[in-house]
Amino acid sequence: MDIIKKSKFSPLDKSRILDQYEKQLEVFINTSLIDGISPILTTDYHVPKLMEANLREQYVFNDIEIQFYLNELIPSLNNLIEKKARFYNIPLIKLHELIEQNDNFVNKNDGLHLTNVGSEKVSETISMYLIDIFQNEKN
């Protein structure tokens with residue numbers, strides 16, 4: 001338990017991190033809406049096994065922090081993003097569903113950055129989404 005208490009990034013920080021993220025997300029959404037811009041939100045993606053290996057190798061976080069980040073924080077942030085999209089009735093692209101089903105879309109060396117194939121698939125997904133929105137606005 002001492003490791004958790006001494007850490008600057010631990011399960012004990014979850015509510016603080018989520019609160020700060022929610023405030024920043026609210027600022028983004030409300031600023032966009034006030035300026036007449038229709039925001040589109042995306043969920044965060046990650047491939048836990050690949051990312052975990054990289055975080056361990058880089059000694060970025062300790063084991064408790066890694067498990068917290070991958071298994072609690074990222075899913076909680078995505079839930080928050082989805083909740084805000086529903087609340088404000090704004091579009092949401094669930095990148096985590098796209099990427100998590102296709103781990104060849106993510107760089108095997110870091111588990112975070114997209115490969116060329118992954119970048120193309122994300123670009124295609126966003127493009128098709130935008131095309132659909134624009135076509136619906138015309139009708």
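**Side-chain contacts around Lys84 and beyond**

With a relative accessibility of 63%, Phe87 counts as exposed in this predicted model. A search of the whole structure turns up one aromatic pair, and Phe87 is one of its two partners: the ring meets that of Tyr88 edge-to-face, with 5.0 Å from centre to centre and 80° between the planes. Phe87 also has a charged companion, as Lys84 lies over the face of the ring, at 6.0 Å from its centre.

Lys84 brings us to the charged contacts. Across the whole structure, six salt bridges are found. In one of them, the side chains of Lys84 and Glu22 meet at 2.8 Å, N to O. Lys84 belongs to helix α4 (residues 63-88) and Glu22 to helix α2 (residues 14-34), so this contact ties together parts that are 62 residues apart in sequence. Lys84 is buried, its relative accessible area being 7%, whereas Glu22, at 23%, counts as partly exposed. Glu26 joins these two residues in a network of salt bridges.

Helix α4 offers a further charged contact. A salt bridge of 3.7 Å, N to O, connects the side chains of Glu82 and Lys94. Here Glu82 sits in helix α4 and Lys94 in the loop between β2 (92-93) and α5 (95-100), 12 residues apart, and the pair links distant parts of the chain. Glu82 is buried at 15% relative accessibility, while Lys94 is partly exposed at 33%.

A more local arrangement appears in helix α6 (residues 116-138), where Lys121 and Glu124 are three residues apart and therefore separated by about one helical turn. Their side chains form a salt bridge of 3.3 Å, N to O. Lys121 is partly exposed, with a relative accessible area of 29%, and Glu124 is partly exposed at 44%.

Technical notes. Residues are numbered from 1 along each chain as its sequence is written. This is a predicted model: local features need pLDDT of at least 70, side-chain atom pairs count only at pLDDT 80 or more; totals for chains, interfaces and linings use all residues. Side-chain values use heavy atoms; hydrogens and water are left out. Rings of Phe, Tyr and Trp (its six-membered ring) pair if their centres lie within 6.5 Å; planes under 30 degrees apart count as stacked, over 60 as edge-to-face and the rest as tilted. Buried means under 20% relative accessible area, exposed over 50%, partly exposed in between (1.4 Å probe, protein chains only). A charge sits over a ring if NZ of Lys or CZ of Arg is within 6 Å of the ring centre and within 35 degrees of the ring normal. A salt bridge is a side-chain nitrogen of Lys or Arg within 4 Å of a carboxyl oxygen of Asp or Glu. Helices (H or I, at least four residues) and strands (E, at least two) are DSSP runs, numbered from the N terminus.
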